[in-house]
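Please open the model in your viewer, and keep a selection panel at hand. The stops below go from the whole chain to pairs of helices and then to single residues in the loops.

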Amino acid sequence: MEQNKSSRSFAKVSLKILKYVILATIAIICATTSYRFGKQIFSDEGVERAPGTDMTYTVSKGTTINELGDELEELGIINSGNVFKVQSYLYDVHSVKPGTYNFNTSYGAEEIFRIISEGPNEDKEEATTTEESEE
C-alpha cells in the first residue's frame with residue numbers, strides 16, 4: 001500500500017515537471033521565432049551583397065502590396081514576402097502603381113519602398129521630360 005502511494009506521488013511530480021519543461025520549451029521556441037522575425041523586419045540588408053543583380057519587374061494594374069511582396073520573393077529580390085508585408089506598414093506604403101520598376105538584389109527594404117513610393121519608371125521619365133521642357 002505504501003509503495004503504491006509513493007508511486008502515485010512520483011508520477012504526479014513527474015507529470016508536473018514534464019508539463020513545465022514542455023511549456024518552457026514552447027516559450028523558448030516562440031521567443032526565438034519572434035526575435036528572428038523582428039530582426040528581419042528591422043534589417044535593411046539586401047538578398048545579395050553589392051553590386052547585386054539588377055532586375056526589372058512590371059506591376060500589373062490591380063496588384064496589391066501583398067501580391068507584390070510574394071512576386072519579389074519568388075524573383076529573389078527580397079527574402080520574405082511576409083516580412084515585406086509588415087514592412088509596408090512601417091514604411092507607410094499600402095499600394096503600388098502599375099508599371100515597370102527597376103530593383104537590385106542588394107537593395108534593402110528602405111530602398112525598395114522608396115522606389116515603389118516614387119512610382120514606375122514611366123512616371124520618372126515623364127517627370128524628367130516635363131522638367132527639361134520647362135527650362
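**The whole chain**

Begin with a cartoon of the entire protein chain, in which five helices and two strands can be picked out; bear in mind throughout that this is a predicted model. Followed along the sequence, these elements come in the pattern α-β-α-α-β-α-α, and colouring them in that order will help with the later stops. If you then switch to a surface, the protein chain exposes about 9,700 Å², of which carbon and sulfur atoms supply 54%. Of its 135 residues, 25% count as buried. Should you draw a contact map alongside, consider the contacts with a separation of 6 or more: residues 24 or more positions apart account for 62% of them.

**Helices α2 and α3**

Two packed helices are described by the angle between their axes and the distance between the axes, and both values are given for each of the next two stops. Select helix α2, residues 65-75, together with α3, and you will see axes that come within 8 Å and cross at roughly 140 degrees. That angle makes α2 oblique to α3, because the range for roughly antiparallel starts only over 145 degrees. The crossing of α2 and α3 is right-handed.

Now show side chains where these helices touch: on the α2 side the residues are Ile65, Asn66, Leu68, Gly69, Asp70, Leu72 and Glu73, and they meet Gly81, Phe84, Lys85 and Ser88 in α3. By class, this contact has four nonpolar, four polar and three charged residues.

**Helices α3 and α4**

Keep α3 (residues 81-90) on screen and add helix α4 (residues 109-118), whose axis comes within 11 Å of that of α3, the two crossing at roughly 65 degrees. This makes α3 roughly perpendicular to α4. As α3 passes α4, the crossing is right-handed.

Which residues of α3 and α4 meet here? From α3 come Phe84, Gln87 and Ser88, while α4 brings Ala109, Ile112, Phe113 and Ile116. The residues of this contact divide into five nonpolar, two polar and no charged. Phe84 and Ser88 deserve a label of their own, since they appear in the contact with α2 and in the contact with α4.

**The loop between α1 and β1**

Move next to the loop between α1 (2-42) and β1 (54-59), where Pro51 lies, and where Ala50 is found as well. Display the backbone atoms here, for a cis peptide bond joins Ala50 and Pro51, with omega at about 15 degrees. Ala50 counts as exposed because its relative accessibility is 66%, and the limit for that class is over 50%. A distance line from Ala50 to Asn104 spans 8.8 Å, C-alpha to C-alpha, although the two are 54 residues apart in sequence.

**The loop between α3 and β2**

Select the loop between α3 and β2 (99-104), and centre on Asp92 within it. Phi of Asp92 is near 55 degrees, which is a positive value in a residue other than glycine. Is Asp92 buried or exposed? With a relative accessibility of 57%, Asp92 counts as exposed.

Pro98 is found in this loop too, and at 43% relative accessibility Pro98 counts as partly exposed. Leaving aside residues up to four places away in sequence, Pro98 touches Val59, Ser60, Lys61 and Pro120. Add Gly62 to the selection as well: Pro98 and Gly62 are 36 residues apart in sequence, yet their C-alpha atoms are 7.5 Å apart in space.

**Glu122 in helix α5**

For the last stop, go to helix α5 (residues 121-134) and highlight Glu122, which has its place there. Glu122 is partly exposed, with a relative accessible area of 32%. Where does Glu122 make contacts, if residues up to four places away in sequence are not counted? Glu122 touches Gly99 and Thr100. To finish, draw a line between the C-alpha atoms of Glu122 and Gly99, which are separated by 6.9 Å and lie 23 residues apart along the chain.

Note on methods
Residues are numbered from 1 along each chain as its sequence is written. This is a predicted model: local features need pLDDT of at least 70, side-chain atom pairs count only at pLDDT 80 or more; totals for chains, interfaces and linings use all residues. Side-chain values use heavy atoms; hydrogens and water are left out. Axes are lines fitted to C-alpha atoms, for helices over the stretch in contact, and angles run from 0 to 180 degrees between N-to-C directions. Helices (H or I, at least four residues) and strands (E, at least two) are DSSP runs, numbered from the N terminus. Angles under 35 degrees count as roughly parallel, over 145 as roughly antiparallel, 65 to 115 as roughly perpendicular and the rest as oblique. A crossing is left-handed if the near helix is turned anticlockwise from the far one by less than a right angle, and right-handed if clockwise. Contact means heavy atoms within 4.5 Å. Ala, Val, Leu, Ile, Met, Phe, Trp, Tyr, Cys and Pro count as nonpolar, Asp, Glu, Lys and Arg as charged, and the others, Gly among them, as polar. Buried means under 20% relative accessible area, exposed over 50%, partly exposed in between (1.4 Å probe, protein chains only). Accessible areas come from the Shrake-Rupley method with a 1.4 Å probe; for residues, only the protein chains shown count as cover.
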